[in-house]
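This report introduces a single protein chain to a reader who has not met it before. Please look over the sequence and the structure first, and then read on.

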Amino acid sequence: SHSMSDYVRMTDTERDQIDQDAQIFMRTCADAIHQLRVEAHKGVQSTQVKEHRTAVLDFIEDYLKRVCKLYSEQRAIRVKQVIDKKRL
């Protein structure tokens, strides 16, 4: 587990790599959820099961969207800090 001070000591290259990895990871999660939606109702007759699976996938997708939004906001703050530093 990294403390905040470890994060500060990171190079821009390391941060860029984390950004890249995070974006790939989020896209992979979105693709996996999409794939699960395709598979979820295959061979399922019960309406209740279908509705339950849809609800679960909606919840997971919503959670991922909130994580992505939070991540984007954090990244925007970092970009702004970099720009502000260059101005000084």
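## Charges and surface

In this predicted model, the chain carries 16 positive and 14 negative side chains, and the centres of these two sets are 3 Å apart. The accessible surface of the chain amounts to about 7500 Å², and carbon and sulfur atoms contribute 59% of that area.

## Overall form

The chain contains 3 helices and 0 strands, which gives the pattern α-α-α when the chain is read along its sequence. Along the principal axes, the C-alpha atoms occupy a box of roughly 65 × 20 × 20 Å, and the radius of gyration of the chain is 19 Å, whereas a compact globule of 88 residues would be expected to have a value near 12 Å.

Among the contacts in the chain with a separation of 6 or more, 58% are between residues that stand 24 or more positions apart. Of the 88 residues, 12% count as buried, a label that applies to residues with under 20% relative accessible area.

## Helix H2

Helix H2 covers residues 12-40, and its 29 residues reach 41 Å from the first C-alpha to the last, which is close to the 42 Å expected at 1.5 Å a residue.

The buried residues of H2 are Arg15, Asp19, Ala22, Met26, Ile33 and Ala40. As background to reading such a list, an α-helix has 3.6 residues a turn, so residues three or four places apart point the same way.

Key. Residues numbered from 1 in each chain as written. Predicted model: local features only at pLDDT ≥ 70, side-chain atom pairs only at ≥ 80, totals over all residues. Heavy atoms only, no water. Helix = DSSP H or I, 4+ residues; strand = E, 2+ residues; numbered from the N terminus. Rg over C-alpha atoms; globule rule 2.2 N^0.38 Å. Buried < 20%, exposed > 50% of the residue type's maximum accessible area, 1.4 Å probe, protein only. Contact = heavy atoms within 4.5 Å. Areas by Shrake-Rupley, 256 points an atom, 1.4 Å probe, with all protein chains shown as cover. Lys, Arg positive; Asp, Glu negative; His and termini not counted. Charge placed at Lys NZ, Arg CZ, Asp CG, Glu CD. Expected span 1.5 Å × (residues − 1).
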